[in-house]
Amino acid sequence: MAAGDAGNGDEGERDALASALQGLRRELRGRLEAAESAVTDRFGEPDLFEIFERLRRAAGTFGMEERSAEVDEFGLDPISTARARRLLEWLCSSWWRVDVAGIEDVPRDEPVLFVANHSGLLPYDGLMIAHVVERETGRRPRFLVADWLVTLPFAQPWLARVGGVRACRENAHRLLARGHSVIAFPEGSKGAAKVFADRYRLQRFGRGGVIRVAIEAGVPIVPVSVVGAEEAHPILFKLHTAARSVGLPFLPVTPTFPWLGPLGLLPLPSKWRLRFGAPVATDALGADAAADEVLVSRMTEELRGTIQSMLDADRRSREGVFSG
Amino acid sequence: MRTPRSIAITGLRSFVGKRLLRRVREAEPDAQLVGLDLQRPYGLDPAVRFHAVDLAEPTADGRLAELLRKEGVEALLHAAFRSQPRADLEADHELETIGSLHVLHACAAAGVRRLVLASSTMLYGPRPDNPNFLSEDHPLRGHPDAHNVRNRVEVEELVATWSRRHPDVEVTVLRPCWIMGPSYEDAITRYFARPLVPTLLGYDPLLQFVHEEDCLRAFEIALLEGRPGVYNVVGRGVLPLTTLLRTAGKRPLPIPAPLLYRLGAYPAEVQSGDPPAGFYDYLRYLWVADGERGFAAFGEPEYTTLEAWMSFVSSRRMRRYR
């Protein structure tokens, strides 16, 4: 039968094809095994699940390994703060070589309102005062930060984790009431944004809010003068129109910024001096004194005078802006 | 005022309305319950006297006053609000703002003795110049894009004026923050339930949650015992968004703000159940509320922010294996 013959012919061909395939398969397997053993000899047994799991974890926790699972009510994160401490210590002792004076007089067992002069765009002065106070007294004060910085991308999460809090009355009240010391810069952005020609000239102290907060909370005020921070970011002049287009209050022009790009944001290694003045007690005045406008403005002016004279004395006595 | 004998709830199909009905039945089996909504909810307790009312109708106040008087209602919980926006903004405004106005008129006409309003801390609005903790006295600045929030700010203003004109009525305004728990669901929980969560690049705001049981307990106390005043209903503690996501094993997907706002605008326009308009500002700026007044009035909450979040996360995790 024709069909049967064709079938026999097919069978012969199929056998030949099958044995050829068998040979090819054996050959391939042999080579693959050799290649695979070469890989496993070098890298160990590859486990796809293991690799996938590692990638997944790396993607999910990117930049998050150094965070605590819980933060305090103002967002301070103990692990981030501990990590930042190393950098701050280096900035404090090696970069700016901060001299500290008068820290012995700072009350240790009650909350304190530190009032300091403000300079530089970025809150280096707040970070340094907080760091020095924590190092010397063991208690970390919170520093108040201007609005525009609190909402600046990338700055906002980091500042909150190391103890920066938006500067407003409600926050200062709450912090002091919970027993935290607070660092305030009553000059506000007028102080931070002043040009180099006006350095160490204290601006108006807001509307006396800082004194009122201290009186209402009954905490002592410690005047602090920061010398050296003005030279870390000397602002030659300010651009307003260009800044508005990127949502900043103004764009500073310093000897390094914007010429060096982001590198220009690094502060210059000026020599710093932090001086803590004698505490001014407010608890004897009573909370009603906060409503006495004349008293508040007199105390504000006195405090401003104290800090200005501390600044002047330290500026006269320093050897050079970068030396010492 | 003693425990009310007859209690009315508007918005029976809302989470607060539905769950409070059950809680009140258990706590006060003798009290008469009056339920009001557009349609009768499925599986409604037969002991509840249900009335289908459209609050947005022009004459709804008269009809409602008639009903409340007939049933002898002494306390009313107003919870007829959208849990998520709908495409028809006008209809939402009619229901939420005008509907509330009708409820207020009816309460005055029928001599209701106690009024509880379901509000939200979202009404404070996410603003860069908010203090870290918003007290109940802080102005309600809302959000210009979120029309439900805008409507409810109007409602709070109406209630505040009404309350001044009716000093003999006990008015309680409860402002819960974002509610988390095993059964609560809205656009916010749907956002957080995703495995990959879009966030704003460079922002990590502090958030707070309240557990659904703590929230309902505050409503129950306000309705049955009476606590006139305005209260934030929140859990203790705050947590940054990225920490929340990490504890839940979710992955944040940071997107630059201008891009995310543009991307987020499309689903918000068709109201597909994705985060509503203006939602991402609530993940950008602070709007944490101070809960101390509420803790004093309604007792210490059983769940902290972290515990409420974990309760939500673990219930959603189990849901996958059902």
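What follows is a conversation about reading sheets, helix packing and a chain contact in a predicted model.

Student: Let's start with chain B. In what order do the seven strands of its open sheet come, and how do they pair?

Tutor: To read a sheet, walk across it from one edge to the other and note each strand as you pass. In chain B, that walk gives S3-S2-S1-S4-S5-S6-S11, and the pairing is parallel. Strand S3 (49-52) and strand S11 (229-233) of chain B have a single partner strand each, so one side of each is left without a neighbour in the sheet. On average, neighbouring strands of this sheet are turned by 15 degrees against each other, direction ignored.

Student: How many bridges join strand S1 of chain B to strand S2 of chain B?

Tutor: Five, between residues 6-10 of S1 and residues 32-37 of S2, and the two strands run parallel. If you want a place to look, B:Thr10 stands opposite B:Leu36 in S2(B).

Student: Which strands does helix H1 of chain B touch?

Tutor: For a helix on a sheet, check the strands it touches, then its direction. Helix H1 (residues 15-27) of chain B touches S1, S2 and strand S4 (75-78) of chain B, and its direction makes about 160 degrees with that of S1(B). Helix H3 (residues 89-110) of chain B also packs on the sheet, touching S1, S4 and strand S5 (114-118) of chain B. Its direction makes about 175 degrees with that of S4(B).

Student: H3(B) has a helix partner too. At roughly what angle do the axes of H3(B) and helix H4 of chain B cross?

Tutor: With a helix pair, take the angle, then the distance, then the residues that meet. Here the axes of H3(B) and H4(B) (residues 147-165) cross at roughly 15 degrees and come within 9 Å. The two helices are therefore roughly parallel to each other, and H3(B) passes H4(B) in a right-handed crossing. Among the residues that meet are B:Leu101, B:Leu104 and B:Cys107 in H3(B), and B:Val155, B:Leu158 and B:Trp162 in H4(B). By class, the residues of this contact divide into nine nonpolar, six polar and four charged.

Student: Now chain A. What is the strand order of its open sheet of seven strands, and what is the pairing?

Tutor: The order is S1-S9-S6-S2-S5-S3-S4, with mixed pairing. Strand S1 (99-101) and strand S4 (164-166) of chain A are the edge strands, each pairing on one side only. Neighbouring strands of this sheet are turned by 25 degrees against each other on average, direction ignored. At one edge, three bridges join S1(A) to strand S9 (residues 273-276) of chain A, and these two run parallel. A:Val100 has A:Leu274 as its bridge partner in S9(A).

Student: Which strands of that sheet does H9(A) touch?

Tutor: Strand S2 (113-116), strand S5 (182-184) and strand S6 (221-227) of chain A; the direction of H9(A) makes about 165 degrees with that of S2(A). H12(A) lies across S2, S6 and S9 of chain A, running at about 35 degrees to S6(A).

Student: At what angle do H9(A) and H12(A) pack?

Tutor: Helix H9 (residues 209-217) and helix H12 (residues 293-317) of chain A pack at about 110 degrees, with their axes 9 Å apart. That makes H9(A) roughly perpendicular to H12(A), and the crossing is right-handed. A:Ile211, A:Arg212 and A:Ile215 in H9(A) meet residues of H12(A) including A:Val296, A:Met299 and A:Leu303. The contact has five nonpolar, one polar and two charged residues.

Student: What is the packing angle of helix H7 of chain A with H9(A)?

Tutor: About 30 degrees, with the axes of H7(A) (residues 169-177) and H9(A) 10 Å apart. That makes H7(A) roughly parallel to H9(A). This crossing is right-handed. Among the residues that meet are A:Ala172 and A:Leu176 in H7(A), and A:Arg212 and A:Val213 in H9(A). The contact divides into four nonpolar, one polar and three charged residues.

Student: Last one: what is the area buried between chain B and chain A?

Tutor: The size of an interface is often given as the accessible area lost when the parts come together. Here about 2200 Å² is buried between chain B and chain A, with carbon and sulfur atoms giving 56%. The contact takes 24 residues from chain B and 28 residues from chain A. In chain B, B:Phe133, B:Arg246 and B:Arg251 lose the most area to chain A, together 25% of what that side buries.

Methods
Residues are numbered from 1 along each chain as its sequence is written. Chains are lettered from A and ligands numbered from 1 in the order in which they are written. This is a predicted model: local features need pLDDT of at least 70, side-chain atom pairs count only at pLDDT 80 or more; totals for chains, interfaces and linings use all residues. Side-chain values use heavy atoms; hydrogens and water are left out. Two strands pair if DSSP finds at least two bridges between them. Helices (H or I, at least four residues) and strands (E, at least two) are DSSP runs, numbered from the N terminus. Axes are lines fitted to C-alpha atoms, for helices over the stretch in contact, and angles run from 0 to 180 degrees between N-to-C directions. Contact means heavy atoms within 4.5 Å. Angles under 35 degrees count as roughly parallel, over 145 as roughly antiparallel, 65 to 115 as roughly perpendicular and the rest as oblique. A crossing is left-handed if the near helix is turned anticlockwise from the far one by less than a right angle, and right-handed if clockwise. Ala, Val, Leu, Ile, Met, Phe, Trp, Tyr, Cys and Pro count as nonpolar, Asp, Glu, Lys and Arg as charged, and the others, Gly among them, as polar. Buried area is the accessible area (1.4 Å probe) that two parts lose on being put together, summed over both.
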